[in-house]
Amino acid sequence: MFVRLVYESFRRQKRRKMLVAIAVTLGAAVSTAMIGIATGIGDKISHELRTYGANLIVTPEEDDFDVQIGSVNLKPAGSGAYLDEAALPKIKGIFWGNNITAFAPELPVNVLAGESRAGEPAPHEVTLVRTYFSKTLKYGTREFTTGARTAFPWWKVAGSWPADDSDDVLVGEKLAAGSAIQSGQQIEINGKAHRVAGVLSTGGAEDDQVIAPLSLAQAFAGKPGAVRKIFVSAVTKPEDAFARRNPDSLSPADRDRWYCSSYPQSIAYQLTEVMPHSHAEQIRQVAQNEGNVLSRVKGLMLLITLAALFTSGLAVSAAMATAMFERRTEVGLMKALGAGQLALSAIFISEAVLLACSGGLVGFAAGGWLAQVLGRTIFGSAITVEPVLLPVILGIAIAVTFLGSAAAIRRAVKYDPVRALRGEA
């Protein structure tokens, strides 16, 4: 009899039940999409923010501070320590090597740029920075390409990029404008002519500098195989309180967890392990902004989810209240025949759970599709909603349906059977 009563309720009130199911489906779909995106958004946002440059920097452990005034680096040519270029491929060999999207070594050296001929601007001292542009390296049996073109994707070159095995250079746009230099022309550096492959625009100090292949700067500095700093672009996990703890103060289990988490600090720590006599740290402005962006995006998604669930709950409440009012005669008859409040509540709650489960299943499928569409639209790749999320969505759907229908069910089981059979409210 119980099953028949529930079945007849669905058969006779198809419209009301459909409205409740649609409300639950919409709430479940939005919840599925937002939760699915929130759980998979961390890496995608980190990958997206890698277009804004490196977030880690490696310097010699004994290095002192650089002093830069205008286009000239005032550090004496022989001061400070250097990193070994031969150790650079080991960066891809750390535990989180696959998270290293690119790195670019640098070696600044002061040079005289310009020609000493009549009618030409006198040679003046500028900083020449050596780096990789797009260099292929090998670690073990694996080859990979890295350099400024991937580590600093905002760099704009009017002309062409120099090859890493050439003597061509890039000239910053401010330096080029002041010296009347264009791409394709020649520039004398320490008395030797070099072709200007392109004019570089970065919005930073590089606009006043000459950017050259690493081997060229090493020759000018008289430091073969030397590197002053390495900019590393890595996909990281936003830091939390645990990330900021000193690994040497952790227990072995906690230290393993810290080491095996893709925090900026743990990746920096691993970089110092493979680069002898080095010091690595995160570039705070970049790393902290990643965490702030991720927190705000997740907060926005939480608000959207709560708003969708609240709206769904209101729709369920309105539909159930109307349905209970229309069934007041049926409720009065069952109470007159001896049905108690518990039995009546069981019928109505069963109906609500069935509606919640059906709406939750459809909403989960729709939410998975919506997450994929949003992932492709925003991040250029699909976001997969894992099946393990289904019980969570069903639980949310049941909770929303129960909370939305609780007031209507409570009023219905308390109807006076005499007034209900008379059709009175």
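This is a short dialogue on reading salt bridges and disulfides in a predicted model.

Me: How many salt bridges does the structure hold?

Reply: Happy to start there. The structure holds two salt bridges. One joins the side chains of arginine 130 and glutamate 85, with N to O at 3.3 Å. That pair ties together distant parts of the chain, 45 residues apart: arginine 130 lies in strand 6 (residues 124–131), and glutamate 85 sits in the loop between strand 4 (83–84) and strand 5 (100–113).

Me: Are arginine 130 and glutamate 85 buried or exposed?

Reply: Here the cut-off helps, since buried means under 20% relative accessible area. Arginine 130 has 0%, so arginine 130 is buried. Glutamate 85 is buried too, with a relative accessible area of 19%.

Me: Which residue forms a salt bridge with arginine 195?

Reply: Aspartate 168 does, and the closest N and O atoms are 3.0 Å apart. Distant parts of the chain are linked here as well, 27 residues apart: arginine 195 belongs to strand 12 (residues 192–201), while aspartate 168 is in the loop between strand 9 (156–159) and strand 10 (169–172). As for burial, arginine 195 is partly exposed at 33% relative accessibility, whereas aspartate 168 is buried, with a relative accessible area of 17%.

Me: What about disulfides, and how many are there?

Reply: The general idea is that a disulfide is a covalent bond between the sulfur atoms of two cysteines. In this model the count comes to zero disulfides. Two cysteines you can look up are cysteine 260, partly exposed at 38% relative accessibility, and cysteine 357, partly exposed with a relative accessible area of 27%.

Terms used. Residues are numbered from 1 along each chain as its sequence is written. This is a predicted model: local features need pLDDT of at least 70, side-chain atom pairs count only at pLDDT 80 or more; totals for chains, interfaces and linings use all residues. Side-chain values use heavy atoms; hydrogens and water are left out. A salt bridge is a side-chain nitrogen of Lys or Arg within 4 Å of a carboxyl oxygen of Asp or Glu. Helices (H or I, at least four residues) and strands (E, at least two) are DSSP runs, numbered from the N terminus. Buried means under 20% relative accessible area, exposed over 50%, partly exposed in between (1.4 Å probe, protein chains only). A disulfide is a pair of cysteine sulfur atoms within 2.5 Å.
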